[in-house]
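Grab a coffee and work through these exercises with the structure open beside you. Try each task before reading its solution.

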Amino acid sequence: MAPRTLTRAAVAGLAAVALLGSAACGSGFDDDESGTAQSSGPANLQILIGSSGDAETKAVQDAAAKWASSSGNQATVTPAQDLTQQLGQALAGGTPPDVFYVDAARFADYASVGALEPYGDKISNRDDFYESLRTTFTYDGKLYCAPKDFSTLALQINTDLWTKAGLTDADVPTNWDQLTTTARKIKAKGQVPLALGDTRDRMGVFLVQNGGWLLSEDGKQPTADTAENLAALTYVKSLVTEGLARFPKQLDAGWSGEAFGKGKAVMTIEGNWIKGALKNDFPNVKYKVVELPAGPKGKGTLSFTQCWGIAAKSKHKEQAIKFVEAMTAGEQQMAFATAFGVMPSRQSVRDQYTSAFPADKPFIDGAAYGQGPVNAPKMDSVLRDLEASLQGLANGDPKTILANFDKNAKAALGGS
């Protein structure tokens, strides 16, 4: 399974979010200020994280211990086995952790039922967070939580296979026409040009590059069935039907990064998590990263992020906010970047990050034009249907796929 895939916890998440939604109707989330006594003394904060591995767990635990020591509080960091399920159950049960990771794909579900404390305006220098990340964690006009870090998509090129195909730096595609031309050159040499994930988390970049997206900026209206999106999805279909792009399953791979690592495609579109995956599983692959080719309406990529959520029912909100302040300080974000490869969410450390990790510059450059995930509650079944349709794109009708999404999304949003 590809890292940072929005569907990665769908099965577990459905039960948890359904439980949360039904419980919230009578849980008192919305009248928390009058129902939860706040403690101003030393706190023992409970922090639940969705860790990518031992390196992340240790880094967060060490940072929490440092904050606790300097502030006189306690902070217990617990890595979840399944963050979506455990958090959903804790929120619905009325005993949530004080602070927790919130994935952008789940954010609206939690915010819409009043489970999150909207503390965003209380964070120092909030405008230092990239605007696209602030937008992702804004619901009904309120910035709910501080972006923790982020990832974006870029284009990876296997340099050995690139040379084998007779290509040079002049062939690196910077727009759709060049992508098609270069891909045809690669195919003519008997190689697969592009490994492309068959999900909205990968194909969605083409919608953004043509000025489209699935929902309106406020997340309240479906916007898939437009001329811009139709042209974009039609272009993606042309890549697939012409054999210029192949889905991972067509390349006997679980995700595009695996296909790329096995040398089954010359290029792929993945996020900065591919660096660790290739280092661990395919250490001999030589590659470089460039920004994605621009579309007719300009550059576009997708942004994947999490925030530090604070429970509306926490009795230690003041201390929790101070904890988040410490975790999102520039110095601490750089420490996390070094420890487990994430990109800082604060613009003020951008130059420091690119100096330390120059090869990742194309990823962080994407912050200026990145599109966050679908940001609306009750969209799980709608998005699953979209995913199924995209997997059949080679033989499907782009217009029908987009129109069906709008129909299903309108029904879901109308009932929210």
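**Exercise 1.** Work out whether Gln-333 is buried or exposed, and find what its side chain meets.

*Solution.* Keep in mind that this is a predicted model. Start with the area: Gln-333 has a relative accessible area of 2%. Buried means under 20%, so Gln-333 counts as buried. Next, place it: Gln-333 sits in helix H14, which spans residues 330–340. Now look for a polar partner. A polar atom of the Gln-333 side chain lies 3.3 Å from the backbone oxygen of Lys-148. Finally, list the neighbours, skipping residues up to four places away in sequence: Gln-333 touches, among others, Phe-129, Pro-147, Lys-148, Met-327 and Arg-346.

**Exercise 2.** Decide how far helix H5 is enclosed by the rest of the structure, and check what happens at its start and just after it.

*Solution.* Go residue by residue through 104–112: 8 of the 9 residues of H5 are buried, so the helix is largely enclosed by the rest of the structure. The buried set isn't just nonpolar names; it includes Arg-106 and Asp-109 alongside Phe-107 and Tyr-110. At the start of the helix, a side-chain oxygen of Asp-103 comes to within 2.9 Å of the backbone nitrogen of Ala-105. After H5 comes Gly-114, with a positive phi near 75°.

**Exercise 3.** Find which residues have the most contacts inside the largest nonpolar core, then look at Phe-405.

*Solution.* The largest nonpolar core has 60 residues, and Phe-206, Met-267, Met-379 and Phe-405 have the most contacts inside it. Take Phe-405 and ignore neighbours within four places in sequence: its contacts include Leu-214, Leu-215, Ala-224, Met-379 and Leu-386. Apart from this core lies another one, of 49 residues, with Ala-68, Ala-108, Phe-129 and Ile-321 among them. You've met two of those names already: Ala-108 is one of the buried residues of H5, and Phe-129 touches Gln-333.

**Exercise 4.** Compare the phi angles and exposure of Asn-125 and Lys-378.

*Solution.* Here's the background: most residues other than glycine have a negative phi. Asn-125 has a positive phi, near 50°, and Lys-378 also has a positive one, about 60°. Where are they? Asn-125 is in the loop between H5 and helix H6 (131–136), while Lys-378 is in the loop between strand S13 (370–371) and helix H17 (380–391). For exposure, Asn-125 has a relative accessible area of 53% and is exposed, whereas Lys-378, at 47%, is partly exposed.

Note on methods: Residues numbered from 1 in each chain as written. Predicted model: local features only at pLDDT ≥ 70, side-chain atom pairs only at ≥ 80, totals over all residues. Heavy atoms only, no water. Core = buried A, V, L, I, M, F, W, Y, C linked by side-chain atoms within 4.5 Å. Buried < 20%, exposed > 50% of the residue type's maximum accessible area, 1.4 Å probe, protein only. Contact = heavy atoms within 4.5 Å. Helix = DSSP H or I, 4+ residues; strand = E, 2+ residues; numbered from the N terminus. Polar contact = N/O pair within 3.5 Å; in protein donor to acceptor, adjacent residues only side chain to side chain.
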